[in-house]
Structures are given as structure tokens and as C-alpha cells.
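Student: I would like to learn how to read a protein model feature by feature, beginning with strands and then going on to helices, cores and rings. Could you take me through one?

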Amino acid sequence: MRWSKIKNIIILLLILVNGFLLAQVSLRSLRSRQARLETRERTVAILERNDVAFLPQEVPGELELTGRRVTLSPPGEAEAAALVGPALGQETLGARTTYRGPLGAVTLSSSGEVEVLFSDAARPAGSDRAAQGLELLSPLGIQARLSDWEESDDGAVFRYIQLWNGVPIPEWSAVLSWGAQGLERLTVRRLAGVEELLPAQETLDAATALIRLLDELNRGEGYVCSQISDIYPGYLVSGTGTLTLTPAWFIETDTWRFAVDGHTGAVSATE
């Protein structure tokens, strides 16, 4: 009986200790979340004091991406056939090969460029041209999402951002041009190949990326913007046959799309 009481006391003490430790961990986690929230709120306030409106609902948190190295697999006759049908003839000039099929002609290069000129009415427009574009890119091994489109009296241009494992690569786009009779042209540099994970490195959080952008704007190097419409994680790409995918924050504004390198904090921009 005596040992039983001692054992119960020990169990009770262990429960109390575990409860205390759990409470401490929860408190630290709560304080950490609160600190991150306050940091994001301060970041938005700093932007607004510098006449840059922040439109997204909230500032994201950590950049949870790992760098990758991708060895490109150049497209070939199988990809050409998926676009314009079985080859009726081909012509090679340097690193570029042109295949002619019943639906048009496609020119491929060893670095992944694909340019297709479709025959008249070879691919007529359906009720959802955006979805048709994705279906056309799929046999090429391209993951993509619709970025934007422009309508005109003569047709429309749809632009798609390529994805790698679901992560956007804004610098690599696919452009499909539609005319009155259907799809006329496709241009894309295909991102497909074998990947290798790179060693994990520390990355910048979104709040820090926004401050880096503000610093760049204040340098007076020609970059200006008055509002930020979106901020999201993605990859920067460098290299030719073997590409390096570097984690980055992409910041959409009313003037430029900025990229902040997730490792170095370097800021670059495209219109």
C-alpha cells in the first residue's frame, strides 16, 4: 500500500511537470506568433509611410522552399507530334529542328525553346480557351497556371506561368496567341528534366523581403511603385543546360514585378 501511494505521487508529479512544460512551449509559441504578427504589421505601416499601399490581406510568413538543380531534357519528335501531329518532314539547322505535321510546324531547340505555328483552323477555339491552353502544354511535360490574357478584335493572347512541383517560376512563361479561326501560335521555353535537391539554406521571410524592396525603391535607381498587389514564393532560375532554381519572393506592384532572392536579398525587376 505504501509503495502504491508513492507510485501515484510520482505519476502525479510527472503529469504536473509535463503540463508545466507543455504550457511553457505553448506560451513561447504564442509569443513567437504574436511577435511575427507585430513585425508584419510594422512592415505594412513602414510601407504606407513611404507611400506604398499594401493591398493583400496579410503578409506571408517564412519562405519554405529548398533550392534545386534541374538538368534539362530537350523536347524532341514525340513532343512535336503531340503539338502538330505525326511528322511529315523535318529540317535541322544548328541546334534547332523544325518538324512539319498536319496541324502546323514546330521548331525545337536543345535549350528547350518551343515555337509552334499552327495551320488555319487546326485547333479551333472552344468555350474555354484558357483550359485548352493548359491541355496543350500538358503533353510537353509542362506544369502551368494562367497568368493573364488580353482580348482584341483580332483574337486574344493567353500567358501562363510555368510551375515546378506546383511552385511558380514567373520568369518562365508560355504564350498562346488565338486568332479568329483558332490557335495560331505557341511560344515557350520548356522547363522539364531531372532535379536534384540542393542543401538547405536559411531564407528570408516575407516581411524582410518587403523591407529589402523598400530599400531598393529608396535608392533612387529608377524603380518606383505606389502599391503592392501580391507577394508569393517562387523560384528564380539561372543557368542554361543545367538550371539552378533559387527560392525567392515575388512581389507584384502597379509598375513592376520584383523578385527578392530568398538567400541574398538581392532585388531584381521585370516590367
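Student: Which residues point one way from β5, and which point the other way?

Tutor: Please keep in mind that this is a predicted model. From β5, Gly104, Val106 and Leu108 point one way, while Ala105, Thr107 and Ser109 point the other way, and all of them are buried. The strand is thus mostly covered, with 6 of its 6 residues buried.

Student: In which sense does β5 pair with β4, and over how many bridges?

Tutor: β4 and β5 pair in the antiparallel sense, over 6 bridges, and a hairpin of 2 residues joins β4 to β5. To find your place in this pairing, look for Thr98, which stands opposite Thr107 in β5.

Student: How many residues lie between β5 and β6 in their hairpin?

Tutor: There are 3 residues between β5 and β6, and in that turn Gly112 has a positive phi of about 105°. These two strands also pair in the antiparallel sense, here over 5 bridges, with Leu108 standing opposite Val114 in β6.

Student: Let us turn to helices. Which residues of α2 are buried, and why do they lie on the same side of it?

Tutor: The general idea is that an α-helix has 3.6 residues a turn, so residues three or four places apart point the same way. In α2, which spans residues 77-84, the buried residues are Glu79, Ala80, Leu83 and Val84. They cover an arc of only 110° around the axis, and therefore they are on the same side of α2. Among the elements that cover these buried residues are β4, β5 and β6, together with α3 and β10. After α2 comes Gly85, whose phi is positive, near 90°.

Student: Which residues of α3 are buried?

Tutor: In α3 the buried residues are Ala130, Gly133, Leu136 and Leu137. Because their arc around the axis is only 120°, they too sit on the same side of their helix, α3. Their cover includes α2, β6, β7, β8, β9 and β10. At the start of α3 you can also find a side-chain oxygen of Asp128, which reaches to within 3.3 Å of the backbone nitrogen of Ala130.

Student: How many residues does the largest nonpolar core have, and which of them have the most contacts inside it?

Tutor: As a general idea, in soluble globular proteins nonpolar side chains tend to be buried together. Here the largest nonpolar core has 35 residues, and those with the most contacts inside it are Phe54, Ile169, Leu210, Ile228, Leu245 and Ile251. The elements that give two or more residues to this core are α1, β2, β9, α4, β12, β13 and β14, and α4 gives the most, with 7 residues. Apart from this core lies another, of 24 residues, which includes Val84, Tyr99, Val106 and Leu108.

Student: What does Ile251 touch, leaving out residues up to four places away in sequence?

Tutor: Beyond those places, Ile251 touches, among others, Ala209, Leu210, Leu213, Ile228, Trp256 and Phe258.

Student: Is Thr246 in β13 buried or exposed?

Tutor: Thr246, which is found in strand β13, has a relative accessible area of 15%, so it is buried. Leaving out residues up to four places away in sequence, it touches Gly234, Tyr235, Leu236, Asp261 and His263.

Student: How many aromatic pairs are there, and why is the pair of Trp149 and Phe158 stacked?

Tutor: A pair of aromatic rings is described by the distance of the centres and the angle of the planes. The count comes to 4 aromatic pairs. The rings of Trp149 and Phe158 have centres 6.1 Å apart and planes at 10°, so this pair is stacked. Phe158 is buried, with a relative accessible area of 5%, whereas Trp149 is partly exposed, at 49%.

Student: Where in the chain are Tyr223 and Trp256, which form a pair that links distant parts?

Tutor: Their pair is edge-to-face, at 5.3 Å centre to centre and with 75° between the planes. Tyr223 is in the loop between α4 and β12 and Trp256 is in the loop between β13 and β14, 33 residues apart. Trp256 counts as partly exposed, at 21% relative accessibility. Finally, ring pairs link Tyr223, Trp256 and Phe258 into a cluster.

Key. Residues are numbered from 1 along each chain as its sequence is written. This is a predicted model: local features need pLDDT of at least 70, side-chain atom pairs count only at pLDDT 80 or more; totals for chains, interfaces and linings use all residues. Side-chain values use heavy atoms; hydrogens and water are left out. Helices (H or I, at least four residues) and strands (E, at least two) are DSSP runs, numbered from the N terminus. Buried means under 20% relative accessible area, exposed over 50%, partly exposed in between (1.4 Å probe, protein chains only). Contact means heavy atoms within 4.5 Å. The arc is that of the directions from the helix axis to the C-beta atoms. Two strands pair if DSSP finds at least two bridges between them. A polar contact is a pair of N or O atoms within 3.5 Å; within protein, one must be able to donate a hydrogen and the other to accept it, and residues adjacent in sequence count only if both atoms are side-chain atoms. A nonpolar core is a set of buried Ala, Val, Leu, Ile, Met, Phe, Trp, Tyr and Cys residues joined through side-chain atoms within 4.5 Å. Rings of Phe, Tyr and Trp (its six-membered ring) pair if their centres lie within 6.5 Å; planes under 30 degrees apart count as stacked, over 60 as edge-to-face and the rest as tilted.
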